[in-house]
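Got your viewer open? Keep the selection box handy, and let's walk through this one stop by stop.

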Amino acid sequence: MDFSHITPSPIQPVEDKWLREKKISLFIKRDDLLHPEMSGNKFRKLKYNLIEVKKKRYDTILTFGGAYSNHLYAVAAAGEAYGLKTIGIVRGERPEPLNPTLRFAENKKMELHFISRTQYRSKYDEAFIGGLQDRFGRFYLLPEGGTNTEAVRGCTEIIDEIDVDFDYITCACGTGGTLSGLIAGLDGRKNMIGIPVLKGGEYLKNEIQHLVRDYNGKIYLNWYLETGYHFGGFARFTDELIDFINDFKHRHKIQLDPIYTGKIMFGVFDLIRKGYFSEGSRIIAIHTGGIQGIAGFNQRFGHLIR
Ligand SMILES: *Cc1c(COP(=O)(O)O)cnc(C)c1O
């Protein structure tokens, strides 16, 4: 499998008068530009899993996600691109008509299988997985969000690509897989700030420590979670967040998504404004993608993201 045409992603400065006045340099690592369909961190997390799938001669990937999942979208696209059958176990009832994310997945020949929210909570139980094997045969099981050790490995490569000097890196956390890869990639250098997009993101701390340790056996202390920017929880939002995303696009010509990257850029701007970073600090925010989700978001909540 050749991925060399996909990476690296560009890194670009965010120019703004108030940032100059604060003497802060801010850069965005544009992983959203990696690939039109396997975008952002979902490509990073898939890369070594796909290599593993081929090495172990699987012909099917089975994975899990919500109805608007960036991960399901990317896996469906990867399945088509690399000739693998894909099965998506989706939380909740099948929506009629399908939302844009699931429609895309089905068009890419992903087999969608809907389960109740209760069932979804016990999706990794042996009995449930056994039932899936009886039904679908041999498959490579990719956890929700694509997060596992191979995903962490893929995300370390974001760090390898960075060719500007910096003091801080920041990214959005869902499962924490991406942050784990960034922490491992930094290997104790600089400072890492993770911004959970779910309420109660503190629990991620242990999760991330485990993911990093499973990857390279180390424990790092140069990172922490900034838990004040979830906006009420996963996929929750306020008018202020929506205005920020629309204004950011207008000023910087960069599209942010309302679930992940909008929240972290809002958080970074807010921390800068509050003087969290000392003068002269150089900050890199990772644009982890997620743009595919905007169509479904707008359909669901009215045309909020312009
Ligand atoms: C999935 C996703 C994340 C969260 O990544 P984790 O590795 O689960 O923490 C962040 N940003 C975007 C755009 C995503 O799609």
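Start at the ligand: select the 14 residues around it, and pick out Lys42, Lys45, Asn70, Thr175 and Thr288, which come nearest. Being around the ligand here means having a heavy atom within 4 Å of it.

Before moving on, know that you are looking at a predicted model, in which local features need pLDDT of at least 70 and side-chain atom pairs count only at pLDDT 80 or more, while totals for chains, interfaces and linings use all residues. Residues are numbered from 1 along each chain as its sequence is written, and side-chain values use heavy atoms, with hydrogens and water left out.

Now show the polar contacts, that is, pairs of N or O atoms within 3.5 Å (within protein, one must be able to donate a hydrogen and the other to accept it, and residues adjacent in sequence count only if both atoms are side-chain atoms). Lys45 puts a polar side-chain atom 2.6 Å from a ligand oxygen. Thr178 also uses a polar side-chain atom, at 2.7 Å from an oxygen of the ligand. With Gly177, look at the backbone instead: an N or O atom there sits 3.3 Å from a ligand oxygen.

Next, switch to cartoon and find the open sheet: six strands in the order β1-β2-β10-β7-β8-β9, with mixed pairing. Strands are DSSP E runs of at least two residues, helices are H or I runs of at least four, and both are numbered from the N terminus. Two strands pair if DSSP finds at least two bridges between them. At the edges, pairing on one side only, are β1 (11–14) and β9 (223–225). From one strand to the next, the twist averages 25°.

Zoom in on the β9 edge. β8 and β9 run parallel and are joined by three bridges; select Ile193 and you'll find its bridge partner in β9, Tyr224. Then add residues 204–216: this is helix α9, which lies across β7, β8 and β9 and runs at about 145° to β9. That angle is taken between N-to-C directions on a scale from 0 to 180 degrees, using axes fitted to C-alpha atoms, for helices over the stretch in contact.

Time for the inside. The largest nonpolar core has 36 residues, and Leu26, Phe248, Met265, Ile272, Phe277 and Ile283 touch the most other members. Such a core is a set of buried Ala, Val, Leu, Ile, Met, Phe, Trp, Tyr and Cys residues joined through side-chain atoms within 4.5 Å. Among the elements giving two or more residues to this core are β2 (25–30), α10 (239–252) and α11 (261–273), and α11 gives the most, with seven.

Click on Leu26: beyond four places in sequence, its contacts (heavy atoms within 4.5 Å) include Val14, Leu19, Met265, Phe269 and Ile283. Apart from this core lies another, of 29 residues, including Leu34, Met38, Leu102 and Tyr140.

Two last picks. Is Asn246, in helix α10, buried or exposed? Buried, with a relative accessible area of 8%; the cut-offs are under 20% for buried, over 50% for exposed and partly exposed in between (1.4 Å probe, protein chains only). Its side chain reaches the backbone oxygen of Leu304 at 3.0 Å and the backbone nitrogen of Arg306 at 2.9 Å.

Finish on Gln299 in helix α12, which is exposed at 54% relative accessible area. Leaving aside neighbours within four places in sequence, Gln299 is in contact with Asn99 and Pro100.
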